[in-house]
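Grab a coffee and open the viewer. Here are a few exercises to work through with the model in front of you.

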Amino acid sequence: MREVLAQAAFQLFLERGFERTTVDDIVARAGVGRRSFFRYFPSKEDVVFPDHERCLAEMTEFLAAVDDGDPVGAVCDAARIVLRMYAADPEFSVQRYRLTREVPGLRTYELSVVRRYEQTLAGHLRGRFGADGDGELRAEVIAASVVAAHNNGLRLWLRSGGAGDPEAAVDHALDLVRDVWERPAEPSPALEKQLDGQLEKPVPAGGVTAGSGDNEVIVMVAAKGTPMWRVVQQIEAAVGES
């Protein structure tokens, strides 16, 4: 019934336009009552996106069962579930894309749907990275990157009228995301310069005497990410001074 209603709606949208089509028009074309329509779709806008609830549920189920070893790869694979949904019916997907470009209200609705996907991906990543410190920020940024990459490749395919393989462009875009976010985090040049400046100053090195002479213990504090050679240099300097 969802498919029947969606097909009837799109036939009317193409014939009359979205704004000039009513719910009564849709149910009349589908041969059902208004109650049947609202049993499946809360509004006329929802009938334009009949498959996103199912797709979102499938994505959530996939992420719940995925291995924790590669969180960035997992959310990239989850995004491909959305791509496969679009690719399963190219004609419908292209018609919907063109319709959303023409109707501002549908574009706004589509953005709210995309945001739900992004929140689902970010929620999964927060569970892996933690919600403290940079964990939440990292989750939000990676999720946004995955959605942007997926949508970039998907729109290239939709603009072409659904020609060719939609996975090629999306895979390329998602590979860029993985290249960036699966590398170990490195300090920026500005941060490295700042750390070097801090380490050129006298390092707070306090002696904690556990005895005297050779039994003296020296504790040194260094900023995280400090090059090992500089740490050794500071230790040698502290030992020499003692």
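The exercises below deal with a helix pair and with the empty spaces in this predicted model.

**Exercise 1. Work out how α8 and α9 run relative to each other.**

Step 1: Find the two helices. α8 covers residues 134–159 and α9 covers residues 166–181.

Step 2: Look at the axes. They come within 7 Å and cross at roughly 155°.

Step 3: Compare that angle with the cut-off. Angles over 145 degrees count as roughly antiparallel, so α8 and α9 are roughly antiparallel to each other.

Step 4: Add the hand. The crossing of the pair is right-handed.

Step 5: See who does the touching. On the α8 side the contact includes Arg138, Val141, Ile142, His150 and Trp157, while α9 brings in, among others, Pro166, Val170, Leu174 and Trp181. Sorted by class, the α8–α9 contact has 14 nonpolar, three polar and one charged residues.

**Exercise 2. Find the cavities of 30 Å³ or more and describe what lines them.**

Step 1: Count them. Searching the whole structure turns up two.

Step 2: Take the largest cavity. Its volume is about 220 Å³. The lining is made of 18 residues, and Val82, Val114, His150, Asn151 and Leu154 are the ones nearest the centre.

Step 3: Trace that lining back to helices. α4 (52–65), α5 (71–87), α7 (104–129) and α8 each put in at least two residues. By class, the lining of the largest cavity has 12 nonpolar, three polar and three charged residues. You've met His150 already: it also belongs to the α8 side of the contact with α9.

Step 4: Move to the second largest cavity, at about 30 Å³. Tyr86, Ser93, Arg96, Tyr97, Thr100, Glu110 and Leu158 line it. Helix α6 (residues 90–102) supplies the largest share of this lining, four residues. The class tally for the second largest cavity is three nonpolar, two polar and two charged.

**Exercise 3. Which helix gives the most to the lining of the largest pocket?**

Step 1: Get the volume. The largest pocket holds about 430 Å³ of space.

Step 2: Locate the centre. Of the 17 lining residues, Glu3, Ala6, Pro50, Asp89 and Phe92 lie nearest to it.

Step 3: Check the helices. α1 (2–16) and α6 each supply at least two lining residues, and α1 gives the most, with seven.

Step 4: Finish with the classes. The lining of the largest pocket has seven nonpolar, four polar and six charged residues.

Methods. Residues numbered from 1 in each chain as written. Predicted model: local features only at pLDDT ≥ 70, side-chain atom pairs only at ≥ 80, totals over all residues. Heavy atoms only, no water. Axes fitted to C-alpha atoms, helices over the stretch in contact; angles between N-to-C directions. Parallel < 35°, antiparallel > 145°, perpendicular 65-115°, else oblique. Left-handed = near helix turned anticlockwise from the far one by under 90°. Contact = heavy atoms within 4.5 Å. Nonpolar A, V, L, I, M, F, W, Y, C, P; charged D, E, K, R; others polar. 1 Å grid on protein atoms, 1.4 Å probe; cavity = no way out; pocket = protein on both sides within 12 Å on 5 of 7 lines; lining within 4 Å. Points joined across faces, edges and corners; volume = space filled by probe spheres on them.
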